[in-house]
Amino acid sequence: MSNPVCLVSGSSSGIGAATVQTFARQGYNVVINYNSSTTEADQTAAEAEALGVEALTVQASVTDYDAVGTMVDEAVRRFGTIDILVNNASLFVADPFPTSDLSIWHRSIDTLVHGPFYCANRVAPVMLENDGGVIISIGDLSAFEPWPGFAGHAVGKGAVLSLTRQLALELAPRIRANAVVP
């Protein structure tokens, strides 16, 4: 039996890179998604491979539905499946309220709401075809206690938790969906 496969969005550094290493230590082949941090993604891949697993780096913005589809297709071509999806890609940029500049709001919602939805929507058919899988989404405390000046982030992280409950309802019992709030 081949190694199980874990795709982690936004995994070139930080929590995402640590998540990749955790799964690599458990024997998972890993898909490292990044938006613009090529050097960091390559370093994360090298660290995972040093643990004896295969790693694939894929540049794709989680805000682009077609790019997410291409990423999932590349992962399935390389490894044959995706057993675990970790929705980790995030954006933490100040956006005081009220504002006349909606660009940060849109970027936050695109990354934190559309991104996990797009990834789950593209990965779920693969998991269902293989009779199961796990989707883990990364939240944070701002979903429970919003932080002044970070409206898009707090609302987006609240939506991550709501999306997780919806995925759990829609995909059970074959796919488990859970959120982690570090």
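## Salt bridges, ring pairs and a buried strand

Aspartate 66 and arginine 122 form a salt bridge, with their closest N and O atoms 3.6 Å apart. The contact links distant parts of the chain, since aspartate 66 belongs to helix α3 and arginine 122 to helix α4, 56 residues apart. Aspartate 66 is exposed, at a relative accessible area of 55%, whereas arginine 122 is partly exposed, at 26%. This is a predicted model, and everything described here should be read that way.

Arginine 122 has another partner too: its charged end sits over the ring of tyrosine 65, 3.9 Å from the ring centre. Tyrosine 65 is in turn part of a cluster, in which ring pairs link Tyr65, Phe117 and Tyr118.

That brings up the aromatic pairs, of which a search of the whole structure turns up five. In one of them, the ring centres of tyrosine 65 and tyrosine 118 are 5.1 Å apart and the planes meet at 70 degrees, so the pair counts as edge-to-face. Here again distant parts of the chain are linked: tyrosine 65 is in helix α3 (residues 65-79) and tyrosine 118 is in helix α4 (residues 103-129), 53 residues apart. How much of each ring residue is open to the outside? Tyrosine 65 is partly exposed, with a relative accessible area of 33%, while tyrosine 118 is buried, because its value of 18% falls under the 20% cut-off.

Another edge-to-face pair is made by phenylalanine 92 and tryptophan 147, at 5.8 Å centre to centre and with 80 degrees between the planes. Phenylalanine 92 sits in the loop between β4 (84-87) and α4, and tryptophan 147 in the loop between β5 (133-138) and α5 (151-171), so the pair ties together parts that are 55 residues apart in sequence. Phenylalanine 92 is partly exposed at 48% relative accessible area, and tryptophan 147 is partly exposed at 34%. These two residues also turn up on the outside, where Phe92, Leu141, Phe144 and Trp147 make a nonpolar surface patch of about 450 Å².

Back to the charges: the structure holds three salt bridges. Besides the one between aspartate 66 and arginine 122, the side chains of glutamate 54 and arginine 78 meet at 3.2 Å, N to O. Glutamate 54 is in the loop between α2 and β3 (55-59) and arginine 78 is in helix α3, so this bridge ties together parts that are 24 residues apart in sequence. Glutamate 54 is partly exposed, at 39% relative accessibility, and arginine 78 is partly exposed as well, at 38%.

There is also a salt bridge between the side chains of aspartate 131 and arginine 174, at 3.0 Å from N to O. Aspartate 131 lies in the loop between α4 and β5, and arginine 174 in the loop between α5 and β6, so the two tie together parts that are 43 residues apart in sequence. At 55% relative accessibility aspartate 131 counts as exposed, and at 39% arginine 174 counts as partly exposed.

Now for some backbone oddities. Most residues other than glycine have a negative phi, and most peptide bonds are trans. Aspartate 131 has a positive phi of about 65 degrees, although it is not a glycine. Which peptide bonds are cis? One joins phenylalanine 97 and proline 98, with omega at about 0 degrees, and proline 98 is in the loop between β4 and α4. Another runs from alanine 172 to proline 173, with omega near 0 degrees; proline 173 is found in the loop between α5 and β6 (175-180).

Finally, is strand β5 buried or exposed? Six of the six residues of β5 are buried, so the strand is largely enclosed by the rest of the structure. In a regular strand the side chains alternate between the two faces of the sheet. In β5 both faces are covered, with Gly133, Ile135 and Ser137 buried on one side and Val134, Ile136 and Ile138 buried on the other. Strand β5 pairs with β4 in the parallel sense over four bridges, and isoleucine 84 stands opposite valine 134 in β5.

Methods
Residues are numbered from 1 along each chain as its sequence is written. Side-chain values use heavy atoms; hydrogens and water are left out. Rings of Phe, Tyr and Trp (its six-membered ring) pair if their centres lie within 6.5 Å; planes under 30 degrees apart count as stacked, over 60 as edge-to-face and the rest as tilted. Buried means under 20% relative accessible area, exposed over 50%, partly exposed in between (1.4 Å probe, protein chains only). A charge sits over a ring if NZ of Lys or CZ of Arg is within 6 Å of the ring centre and within 35 degrees of the ring normal. Patches are made of residues with over 30% relative accessible area and no salt bridge: like charges are joined within 9 Å, nonpolar side chains (Val, Leu, Ile, Met, Phe, Trp, Tyr) within 5 Å. Accessible areas come from the Shrake-Rupley method with a 1.4 Å probe; for residues, only the protein chains shown count as cover. A salt bridge is a side-chain nitrogen of Lys or Arg within 4 Å of a carboxyl oxygen of Asp or Glu. Two strands pair if DSSP finds at least two bridges between them.
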